[in-house]
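Let's take a friendly walk through this protein model. Have a look at the sequence and the 3D view below, and keep them open as you read.

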Amino acid sequence: MTDWYEAVAAGAELGEGPIWDSESENLWWVDILASRVHRFHPATGTNETLVLNQHVGAIAPRATGGSVLNLRDGVGLLDPAGEFSWLHFEPVPGRRGNDAAVASDGALWAGTMRYDEAAGGGTLSRIAADGAVTLVLDDVTVSNGIGWSPDGSRMYYVDSPTRRIDVFTFVAGQARDRRSWVEIEQGAGWPDGLTVDSAGAVWVALWDGAAVRRYTPDGRLDQEVPLPVSRPTSCAFGGSGLTDLYVTSARTGLTRPQAEAGSLLVVPDVGRGLPQTCFAG
């Protein structure tokens, strides 16, 4: 059994969106329902927080410094001094931003979902550095994990209620030919956030499945890591060698208390991740 340990006992309502910033050697993550951004520095064990004025689904570093945020009402920017501005403002009543990821060309792929999780109420869009938005999918329920193969030819994507990880052919910044790649069996939980390792395998967190799984590039289940939380939400490789898998988790909706629910967990030396591209805007 692979060991894990608790990096931050945050008690997050809905911890999500871990991403490693190689320049600062920090692990960024969010608590969506607390409107809170976390920055964890493994070398010192410190975890700093920033409270925003609305729900935040994801964060990623910017090439010019600061960060980009997938928020309730659109996509926003924080500059290095902490000043906020909107890059794309599109408030829709009852809808919020959820998971997001940056492609190799520096564009942000950002998902949305309705608070009531109504079928087809969410979207997936590509946001360029200048704020230009391309709607990619407009019939999504819970837009979740996004990631790319090491050579950039594949984009993986999760709409959680489908119980699938889908794959697109990715060419010149465009996702085409969506098809089912992996189906999560009944009783194993729901696919949530994901990351791709240097071997091209996909690691996915299983909401209500108390585990993260690794699937090889041909879609074969290769490894399952049991966790002490029933609702892991997403995962990302970090640390100096990108060998530690960080896993966010949630305590919202639990019927029984779990000591580590809402914590940031670490599975050490479990693989090797890929460097994350910064948002170009």
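## The largest pocket

In this predicted model, 37 residues line the largest pocket, and those nearest its centre are Ala101, Val102, Gly147, Trp148 and Gln276. Seven strands are named as giving two or more residues to this lining. They are strand 2 (15-21), strand 6 (56-61), strand 7 (67-71), strand 10 (95-102), strand 14 (143-148), strand 18 (190-196) and strand 22 (232-238).

How much space lies in the largest pocket? The computed value is about 620 Å³. Sorted by class, its lining holds 25 nonpolar residues, 11 polar ones and one charged residue.

## The second largest pocket

The second largest pocket holds about 430 Å³ of space. It is lined by 24 residues, and Asp21, Trp28, Arg39, Gly66 and Ser67 are the closest to its centre. At least two lining residues come from each of strand 3 (26-31), strand 4 (36-41), strand 5 (46-51) and strand 6. You may recall strand 6 from the largest pocket, where this strand also gives two or more residues to the lining.

Which classes of residue make up the lining of the second largest pocket? There are 11 nonpolar, seven polar and six charged residues.

## The sheet of strands 10 to 13

Next, the sheets. Strands pair within a sheet through backbone hydrogen bonds, and the pairing can be parallel or antiparallel. One open sheet here has four strands in the order 10-11-12-13, paired antiparallel. Strand 10 and strand 13 (133-140) are at its edges with a single partner strand each, so each has one side without a neighbour in the sheet. On average, and ignoring direction, neighbouring strands of this sheet are turned by 20° against each other.

Inside this sheet, five bridges link strand 12 and strand 13 in the antiparallel sense. Along this pairing, Ser125 sits opposite Leu135 of strand 13.

## A look at Arg126

Arg126 belongs to strand 12 (residues 122-127). Which side chain does the side chain of Arg126 meet in a polar contact? The partner is the side chain of Asp105, at 2.9 Å.

Beyond its neighbours within four places in sequence, Arg126 also touches other residues, among them Ala107, Leu108, Trp109, Ala132, Val133 and Gly173. Glu224, by contrast, lies 98 residues from Arg126 along the chain, and 31 Å separates their C-alpha atoms.

## The sheet of strands 14 to 17

Another open sheet of four strands runs in the order 14-15-16-17, again with antiparallel pairing. Why is one side of strand 14 and of strand 17 (174-183) left without a neighbour in the sheet? Both strands stand at the edges and each has a single partner strand, so one side of each has no neighbour there. From one strand to the next, the twist averages 25°.

Strand 15 (residues 154-159) pairs with strand 16 (residues 164-171) over four bridges, in the antiparallel sense. Here Met155 faces Phe168 of strand 16. Strand 14 also appears among the strands that line the largest pocket.

## The hairpin of strands 20 and 21

Strand 20 (residues 211-215) and strand 21 (residues 221-226) run antiparallel and are joined by five bridges. Ala211 stands across from Pro226 in strand 21. Five residues lie between the strands of this hairpin, and in it Gly219 takes a positive phi near 85°.

How values were computed. Residues are numbered from 1 along each chain as its sequence is written. This is a predicted model: local features need pLDDT of at least 70, side-chain atom pairs count only at pLDDT 80 or more; totals for chains, interfaces and linings use all residues. Side-chain values use heavy atoms; hydrogens and water are left out. On a 1 Å grid over the protein atoms alone, a cavity is a set of points where a 1.4 Å probe fits but cannot get out, and a pocket is an open set with protein on both sides within 12 Å along at least five of seven lines; lining residues have an atom within 4 Å of a point. Grid points are joined across faces, edges and corners, and a volume is the space filled by probe spheres set on the points. Ala, Val, Leu, Ile, Met, Phe, Trp, Tyr, Cys and Pro count as nonpolar, Asp, Glu, Lys and Arg as charged, and the others, Gly among them, as polar. Contact means heavy atoms within 4.5 Å. A polar contact is a pair of N or O atoms within 3.5 Å; within protein, one must be able to donate a hydrogen and the other to accept it, and residues adjacent in sequence count only if both atoms are side-chain atoms. Two strands pair if DSSP finds at least two bridges between them. Axes are lines fitted to C-alpha atoms, for helices over the stretch in contact, and angles run from 0 to 180 degrees between N-to-C directions.
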